[in-house]
Amino acid sequence: MSPTPAIATPEGLAATVSACRELIEARFPGDVERGAAAMLLDDGVIVTGTAPDVVTPSVEICHETEPFAAAFRLGRTIVASVCLAREAPGRFVVLSPCGVCRERLAWHGPDVRLAVPQPGGDRGDGDDHGDGGDRGEGGDRGDPAWITLGEALPYYWAAVFDDVPWR
């Protein structure tokens, strides 16, 4: 059940990030603080989704839930996952998958690519150096680094079971 690595090309990953940004811009054109997720499937299809507004915060779901369910509905394996939040017009941040989303993605194996913030990236002040200064060198925080789920979960608890597709 391991993803097809050939699909997770730099172009495929970039298209997944673009699809996520496009959903945020199209669905929430006037709202600043909104987010979405996109997942690249083993057939090259990109599915996107966002979390609905709810009255009670305890029933909120992650943005990844909708594309995760779409992959299941289509009978496809997830190859890569990205979640972005827009914090200002045209400015996006990469949100690493939470523990629940990592558990959902684990069914697709340790080779699933995860979008994570760039190491040492900009924290919103234009300073990528962590020294308190603003050198004006901050990049677009919506450009993720990519790691595998296995790298994010090196000691995954369920890997000891034979029926878990982790090997």
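Me: Two rings of Phe, Tyr or Trp (for Trp, its six-membered ring) count as a pair if their centres lie within 6.5 Å; planes under 30 degrees apart are stacked, over 60 edge-to-face, and the rest tilted. The model is predicted, so local features need pLDDT of at least 70 and side-chain atom pairs pLDDT 80 or more, while totals for chains, interfaces and linings use all residues. Residues are numbered from 1 along each chain as its sequence is written, and side-chain values use heavy atoms, without hydrogens and water. How many aromatic pairs does the ring rule give?

Reply: The count is two aromatic pairs.

Me: Why is the pair of tyrosine 156 and tryptophan 157 called tilted?

Reply: The ring centres of tyrosine 156 and tryptophan 157 are 5.9 Å apart, against a limit of 6.5 Å. Their planes stand at 55°, which is neither under 30 nor over 60 degrees, so the pair is tilted.

Me: Is tyrosine 156 buried or exposed, and what is tryptophan 157?

Reply: Buried means under 20% relative accessible area, exposed over 50%, and partly exposed in between (1.4 Å probe, protein chains only). Tyrosine 156 has 9%, so it is buried. Tryptophan 157 has 55%, so it is exposed.

Me: What makes the pair of tryptophan 157 and phenylalanine 161 edge-to-face?

Reply: The planes of tryptophan 157 and phenylalanine 161 meet at 75°, with the centres 6.3 Å apart, so the pair is edge-to-face. Phenylalanine 161, at 42%, is partly exposed. Tyr156, Trp157 and Phe161 form one aromatic cluster.

Me: How do you know that arginine 34 and aspartate 53 form a salt bridge?

Reply: A salt bridge needs a side-chain nitrogen of Lys or Arg within 4 Å of a carboxyl oxygen of Asp or Glu. For arginine 34 and aspartate 53 the closest N and O atoms are 2.9 Å apart, so the rule is met. Arginine 34 is in strand β1 (residues 34-41) and aspartate 53 in the loop between β2 (46-49) and α2 (65-74), so the bridge ties together parts 19 residues apart in sequence. Helices (H or I, at least four residues) and strands (E, at least two) are DSSP runs, numbered from the N terminus.

Me: Why is arginine 34 called partly exposed?

Reply: Arginine 34 has 21% relative accessibility, so it falls between the limits of 20% and 50%. Aspartate 53, with 58%, is exposed.

Me: What makes arginine 91 and glutamate 87 a salt bridge?

Reply: Their N to O distance is 3.2 Å, so the pair is within the 4 Å limit. By this rule the count comes to six salt bridges.
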